[in-house]
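Colleague: Please take a close look at the loops of this model, with attention to backbone geometry and to the surroundings of individual loop residues. A connected account, extended to the helices that pack beside them, would be appreciated.

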Amino acid sequence: MFSKRFDQVYDDTKNIWHSQQYLFTREYYTRSPFLPPISLFYDIYHLCRTVFYAIRRVCFKKSADGKAKVFKMIPSNENRTKEWYEFEGASTYEYAHIEAKSLTPTSTVPTSGSDSASNENKDGTNDNANGDIQLVQHDLAKLIASNIIKGFTSEENTCTKDSRPIHREYFYVGGEYVYDTSSQGFVMTGQMYVEHLTSPYGIQQPYPLVLMHGNAMTGTNWLNTPDGRPGWASYFLQQGYDIYIIDQPARGRSIWLPNSNMTVKTYSANMMEKRFTATSFYKLWPQAILHTQWPGDDNTTKGRMGDQIFDAFYASTVQFVASEVSVQTMMQKAGAALLDKIGAAILLTHSQSGSFGWLIADIRPNLVKAIVSIEPKGPPFREAVFSNKSSRSWGITDIPITYDPIVNSSSDLLTVEIPSIHENYTSCILQKTPARTLTNLVNISVLIETSQASYHAVYDHCTIEFLQQAGVKVDFIRLEDIEIYGNGHMQMMEKNNLHIADILRQWIRKTVHIE
């Protein structure tokens with residue numbers, strides 16, 4: 001018993017000292033930058049600010065200061081991350097215990113009756129352990145009853161980073177009623193499903209992320225990987241972002257009408273293997289042999305039919321509308337409706353949805369703070385690698401986008417082919433000079449990111465050159481240039497997916513200045 005008490009005192013003392021270290025550090029970083037007596041005015045300013053936001057929150061039900069700095073201690077050694085979160089959990093409990101002491105008991109709070117009192121005396125050995133557990137449960141019950149916290153899910157009465165609840169809601173935007181001959185009535189078409197996830201660590205960024213999936217996919221691409229690891233949505237939630245995940249119109253949970261005269265297609269498992277998951281086996285383009293990051297332990301079967309991880313991935317794919325003109329038209333309308341509802345945002349697109357980013361920004365330029373485009377649909381004006389047929393007659397889209405001078409028809413865009421300077425890259429079709437400007441995109445920061453082993457490595461440089469020629473501020477990251485090797489097209493699902501997500505976060509932080 002004495003050994004247990006000594007260990008407990010030691011642990012408590014250590015936690016208190018760490019807490020004091022945290023408070024000293026925080027006080028240092030939040031101190032006034034001015035010397036007395038000028039610092040007095042600085043303190044008065046912050047007092048008024050605190051009172052203002054308290055009144056705003058209580059009286060008008062508004063959120064706290066969205067631009068306030070969020071102070072968080074991050075362990076410099078990654079090996080200490082688990083210990084740090086355990087300390088945070090202990091600190092959270094200490095706060096809960098203090099809050100609970102100030103509350104009056106309610107009918108929903110369990111109280112100790114005569115039975116529990118008599119049971120306590122039956123076994124002195126377990127008295128302290130059971131008392132600690134009951135104290136935790138009692139405090140948390142008080143807080144839940146008083147709406148200080150919403151609830152908890154923990155088998156060991158500890159709060160870890162992965163156990164914090166995420167707030168989830170969904171809604172639909174866009175859509176219009178059309179007459180359906182088969183049902184002899186009006187039905188809605190063109191609406192878009194949106195899943196809204198709110199960070200469990202509080203919204204620490206002023207602009208949310210809108211995550212847009214590619215062809216044959218749905219918003220599940222962003223939630224987790226086929227082998228069960230956290231996806232990009234989880235990562236960006238941990239960074240304090242508000243997240244909106246879509247199922248594009250006529251895809252997934254956004255209804256497709258069978259009588260809408262829109263042909264649908266699917267991708268075969270064989271095609272998925274060749275282009276996305278087992279490219280090093282098929283070697284359809286020069287960089288394909290470098291693909292190593294698809295998850296799986298058996299190099300002879302991973303990324304192929306029959307492999308458990310591949311089967312989980314392929315099971316998540318769905319049918320899609322074959323006409324890019326139809327898809328882009330619906331998505332531009334629905335995307336604009338989404339931004340009208342949620343306000344300014346950062347668009348994170350992948351593959352097919354790259355075209356959506358340009359088109360949404362074209363009609364809502366003031367609501368798009370940045371575009372992060374992962375291997376966007378391209379290259380301009382034609383296909384590459386698997387065919388060379390003409391495509392995207394407006395350059396980077398299949399439907400009209402705004403140019404200056406004005407373009408009345410895509411045939412007004414005069415083009416020229418620029419030979420490749422690298423044997424593993426394709427030639428590019430660009431505008432003839434003087435080039436027209438994508439006038440609604442020129443004030444939007446853009447990042448295009450391409451992996452080492454994807455088929456996009458062959459031609460994404462053409463999209464970069466086209467955008468730069470059209471006056472767009474665009475940065476280009478080839479992952480191998482920053483020593484990230486072996487990724488394919490579905491990089492948000494691959495083994496190093498969170499490393500790549502962090503690269504994107506760093507670009508957003510540097511470019512959009514939101515942290």
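Modeller: A residue is called buried here when its relative accessible area is under 20%, and exposed when that area is over 50%. The model is a predicted one, and the account below should be read accordingly.

I begin with Ala250, which is located in the loop between strand S4 (243–247) and strand S5 (264–265). Its relative accessible area is 4%, and Ala250 is therefore buried. Although Ala250 is not a glycine, its phi is positive, at about 65 degrees. Such a value deserves mention because most residues other than glycine have a negative phi.

Ser351 also has a positive phi without being a glycine, in this case of about 55 degrees. This serine belongs to the loop that lies between strand S7 (345–350) and helix H11 (354–363). With a relative accessible area of 13%, which is under the 20% limit, Ser351 is buried.

The loop containing Ser351 leads to H11, and H11 has a helical partner in H10 (residues 324–342), the two axes coming within 9 Å and crossing at roughly 55 degrees. At that angle H10 and H11 are oblique to each other, and the crossing of H10 past H11 is right-handed. On the H10 side the contact is made by Val327, Gln328, Met331, Gln332, Gly335, Ala336 and Leu339, and on the H11 side by Ser355, Phe356, Leu359, Ile360 and Ile363. By class, the residues of this contact comprise 8 nonpolar and 4 polar, with no charged residue.

The loop between strand S8 (368–374) and strand S9 (415–418) calls for attention to its peptide bonds. Pro379 is located in this loop, and the bond from Gly378 to Pro379 is cis, with omega near 0 degrees. Pro405 lies in the loop between S8 and S9 as well; the bond that joins Asp404 to Pro405 is cis, with an omega of about 0 degrees. These bonds merit inspection because most peptide bonds are trans.

Beyond S9, the loop that leads to strand S10 (428–431) holds Ser427. Its relative accessible area is 15%, so Ser427 is buried. The side chain of Ser427 has a polar contact of 2.7 Å with the side chain of Arg382 and another, of 2.6 Å, with that of Glu417. If residues up to four places away in sequence are not counted, Ser427 touches Arg382, Glu417, Ile418, Pro419, Ser420 and Cys462.

Another buried loop residue is Asn496, with a relative accessible area of 14%. Asn496 is placed in the loop between strand S12 (474–478) and helix H13 (497–512). Apart from neighbours within four places in sequence, its contacts are with Gln293, Ile484, Tyr485 and Asn487.

Finally, burial may also be followed along a helix. In H7 (residues 269–277), the buried residues are Ala269, Met271, Met272, Glu273, Phe276 and Thr277. Among the elements that cover these residues of H7 are helix H8 (279–282) and helix H9 (308–315).

For inspection on screen, I would suggest taking the loops in turn: Ala250 and Ser351 for a positive phi, Pro379 and Pro405 for the cis bonds that precede them, and Ser427 for its side-chain polar contacts with Arg382 and Glu417.

Definitions and conventions. Residues numbered from 1 in each chain as written. Predicted model: local features only at pLDDT ≥ 70, side-chain atom pairs only at ≥ 80, totals over all residues. Heavy atoms only, no water. Helix = DSSP H or I, 4+ residues; strand = E, 2+ residues; numbered from the N terminus. Buried < 20%, exposed > 50% of the residue type's maximum accessible area, 1.4 Å probe, protein only. Polar contact = N/O pair within 3.5 Å; in protein donor to acceptor, adjacent residues only side chain to side chain. Contact = heavy atoms within 4.5 Å. Axes fitted to C-alpha atoms, helices over the stretch in contact; angles between N-to-C directions. Parallel < 35°, antiparallel > 145°, perpendicular 65-115°, else oblique. Left-handed = near helix turned anticlockwise from the far one by under 90°. Nonpolar A, V, L, I, M, F, W, Y, C, P; charged D, E, K, R; others polar.
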